Amino acid sequence: MAKKGLTPEERARLEEEAVLEAIKALPEPDRTLAEALHRLVRLEAPGLAPRLWYGMPAYALGGKVVLFFQPASKFKTRYATLGFTDAARLDEGLLFPVAFGLKGLGPNEEEALRALLKKALPEAPPPPRRSGPRG
């Protein structure tokens, strides 16, 4: 999707537009679920960049996909899948979940997703310290 000659901001805007168009093209209930997920991810993890990944809505950090939404309609399954790639830092022992069946996003699911995003993403670096005399 990247076009030569575009600024990083223009590329990011085009990627997000492509994601929103893909979401808009989904049948229900996938569309409503993907829209809600998109809003939540953009609000809770603004550092993740929306992009299409194998035609599915995904969210990347530093160009590497961290989180993706696999609509139920894509593989004719009973539920959508919310998946994390190995770029997500969800490792916990030798066995840990990285994909979740998703039928809806209510308050409990949103809270669980917030916790997963917080765990999956590296902590933001602290702001730079100011140098010079203090007044």
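Which residues form one aromatic cluster with Trp-53? Tyr-54 and Phe-68 join Trp-53 in that cluster. The views below come from a predicted model, and they cover aromatic pairs, salt bridges and the surroundings of one lysine.

**View 1. Trp-53, Tyr-54 and Phe-68 form an aromatic cluster.** A search of the whole structure finds three aromatic pairs. One of them is made by Trp-53 and Tyr-54, whose arrangement is edge-to-face. Their ring centres are 5.1 Å apart and their planes stand at 65° to each other. Trp-53 is partly exposed, with a relative accessible area of 24%. Tyr-54 is exposed, at 64% relative accessibility.

**View 2. Phe-84 and Phe-100 form an aromatic pair between two strands.** The ring planes of Phe-84 and Phe-100 are at 90°, so the pair is edge-to-face. The ring centres of the two residues lie 6.4 Å apart. Phe-84 belongs to strand β4 and Phe-100 to strand β5, and the pair links parts of the chain 16 residues apart. Phe-84 counts as buried because its relative accessibility is 4%, under the 20% limit. Phe-100 is partly exposed, with a relative accessible area of 26%.

**View 3. Arg-42 and Glu-16 form a salt bridge between two helices.** The structure holds six salt bridges, and this view shows the one between Arg-42 and Glu-16. The closest N and O atoms of Arg-42 and Glu-16 are 3.3 Å apart. Arg-42 lies in helix α2 (residues 30–44) and Glu-16 in helix α1 (residues 8–25), so the salt bridge ties together parts that are 26 residues apart in sequence. Arg-42 has a relative accessible area of 28% and is partly exposed. Side chains of opposite charge can pair when their charged atoms come close.

**View 4. Lys-119 and Glu-92 form a salt bridge between a helix and a loop.** In this pair the closest N and O atoms are 2.3 Å apart. Lys-119 lies in helix α4 (residues 107–120). Glu-92 lies in the loop between β4 (80–84) and β5 (99–102). The two residues are 27 residues apart, and the pair links distant parts of the chain. Lys-119 is partly exposed, at a relative accessible area of 34%, whereas Glu-92 is exposed, at 53%.

**View 5. Arg-114 takes part in a network of salt bridges.** The members of the network are Glu-44, Glu-110, Glu-111 and Arg-114. Within it, the side chains of Arg-114 and Glu-111 meet in a salt bridge of 3.5 Å, N to O. Both residues lie in helix α4, three residues apart, which is about one turn of the helix. Arg-114 has a relative accessible area of 26% and is partly exposed. Glu-111 also counts as partly exposed, with 48% relative accessibility.

**View 6. Lys-64 is in contact with Tyr-59, Asp-86 and Ala-87.** This set of contacts leaves aside the neighbours of Lys-64 within four places in sequence. Lys-64 lies in strand β3, which covers residues 64–70. Lys-64 and Ala-87 are 23 residues apart in sequence, and their C-alpha atoms are 6.9 Å apart in space. At 46% relative accessibility, Lys-64 is partly exposed.

Terms used: Residues numbered from 1 in each chain as written. Predicted model: local features only at pLDDT ≥ 70, side-chain atom pairs only at ≥ 80, totals over all residues. Heavy atoms only, no water. Salt bridge = Lys/Arg side-chain N within 4 Å of Asp/Glu carboxyl O. Helix = DSSP H or I, 4+ residues; strand = E, 2+ residues; numbered from the N terminus. Buried < 20%, exposed > 50% of the residue type's maximum accessible area, 1.4 Å probe, protein only. Contact = heavy atoms within 4.5 Å. Phe/Tyr/Trp six-rings, centres within 6.5 Å; stacked < 30°, edge-to-face > 60°.
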